[in-house]
Amino acid sequence: MSTFNTRCPSCQGVNRVPSERIGESPKCGKCQQPLLDGKPVEGTELNFTALLNSDQPVVVDFWAPWCNPCVGFAPVFEQVAQELAGQVRFVKIDTEAQQNLAAQYQIRSIPTVMVFKNGQRVDVINGALPKSQFSQWLSAAVLK
């Protein structure tokens with residue numbers, strides 16, 4: 001049985017999740033909050049493949065802490081994640097810390113947001129958007 005570690009978006013505690021149980025809405029062992037729904041999950045090389053292989057669509061924000069548009073877009077991304085909890089999974093990948101993932105997905109500008117369904121990329125957009133435009137784009141992308 002393969003596992004991956006993920007940081008709880010609520011308490012920042014590290015949890016080990018069996019890959020086979022990712023669809024069962026795992027909860028944090030420390031605070032009992034959902035690990036994968038309601039708030040963006042920190043994506044890493046170790047957990048990204050497992051996160052992509054989800055029954056739910058997965059929205060990924062490739063960002064960096066030094067990028068002002070990325071930092072400004074973060075609250076929008078988090079608000080939409082909360083609104084779509086249980087329907088769509090949200091993942092944030094720090095391109096500075098996860099350079100191999102950034103290279104693998106050919107990230108040339110940030111923020112870059114990608115939508116995946118069944119592990120396959122279905123749409124991508126570059127740049128920060130206001131909440132209404134992001135929600136509208138995401139609604140269309142998830143239907144693809």
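These legends describe close-up views of a predicted model.

**View 1. Five strands line up in an open sheet.** The strand order is β3-β5-β4-β6-β7. The pairing is mixed. Strands β3 (41-42) and β7 (120-126) stand at the edges. Each has a single partner strand, so one side of each lacks a neighbour in the sheet.

**View 2. Strands β4 and β5 run parallel.** Strand β4 covers residues 58-63, and strand β5 covers residues 89-94. Six bridges join the two. Look for Val-60: its opposite residue in β5 is Val-91.

**View 3. Strands β6 and β7 form a hairpin.** These strands run antiparallel, joined by six bridges. One pair to find is Phe-116 and its bridge partner in β7, Arg-121. Two residues lie between the strands of the hairpin. At Asn-118, phi is positive, near 55°.

**View 4. Helix α2 lies across three strands of the sheet.** The helix spans residues 68-83. The strands it crosses are β4, β5 and β6 (112-117). Its direction makes about 160° with that of β5. Helix α4 (residues 131-142) also packs on the sheet. Which strands does helix α4 touch? They are β4, β5, β6 and β7. The direction of α4 makes about 30° with that of β6.

**View 5. Arg-7 and Glu-42 meet in a salt bridge.** This is one of four salt bridges in the structure. Their side chains come to 3.1 Å, N to O. Arg-7 sits in strand β1 (residues 3-7) and Glu-42 in strand β3, so the pair ties together parts 35 residues apart in sequence. Are these two residues buried, exposed or partly exposed? Arg-7 is partly exposed, at 33% relative accessibility. Glu-42 is partly exposed too, at 36%.

**View 6. Asp-61 and Lys-92 form a salt bridge between two strands.** The closest N and O atoms are 2.7 Å apart. Asp-61 belongs to strand β4 and Lys-92 to strand β5. The two residues are 31 apart along the chain. Asp-61 is buried, with 0% relative accessibility. Lys-92 is buried as well, at 13%. Side chains of opposite charge can pair when their charged atoms come close.

**View 7. Asp-123 and Lys-144 make another salt bridge.** Here the N to O distance is 2.9 Å. Asp-123 lies in strand β7, while Lys-144 lies in the segment after α4. The pair links distant parts of the chain, 21 residues apart. Is each partner buried or exposed? Asp-123 counts as buried, at 15% relative accessibility. Lys-144 counts as exposed, at 53%.

**View 8. Cys-8 is in no disulfide.** How far away is the nearest cysteine sulfur? It belongs to Cys-31 and is 3.7 Å away. A disulfide needs two cysteine sulfur atoms within 2.5 Å, so this pair does not count as one. The count of disulfides for the structure is zero. Cys-8 is buried, with a relative accessible area of 0%. Another cysteine, Cys-67, is also buried, at 5%.

Methods. Residues numbered from 1 in each chain as written. Predicted model: local features only at pLDDT ≥ 70, side-chain atom pairs only at ≥ 80, totals over all residues. Heavy atoms only, no water. Buried < 20%, exposed > 50% of the residue type's maximum accessible area, 1.4 Å probe, protein only. Pairing = 2+ DSSP bridges. Helix = DSSP H or I, 4+ residues; strand = E, 2+ residues; numbered from the N terminus. Contact = heavy atoms within 4.5 Å. Axes fitted to C-alpha atoms, helices over the stretch in contact; angles between N-to-C directions.
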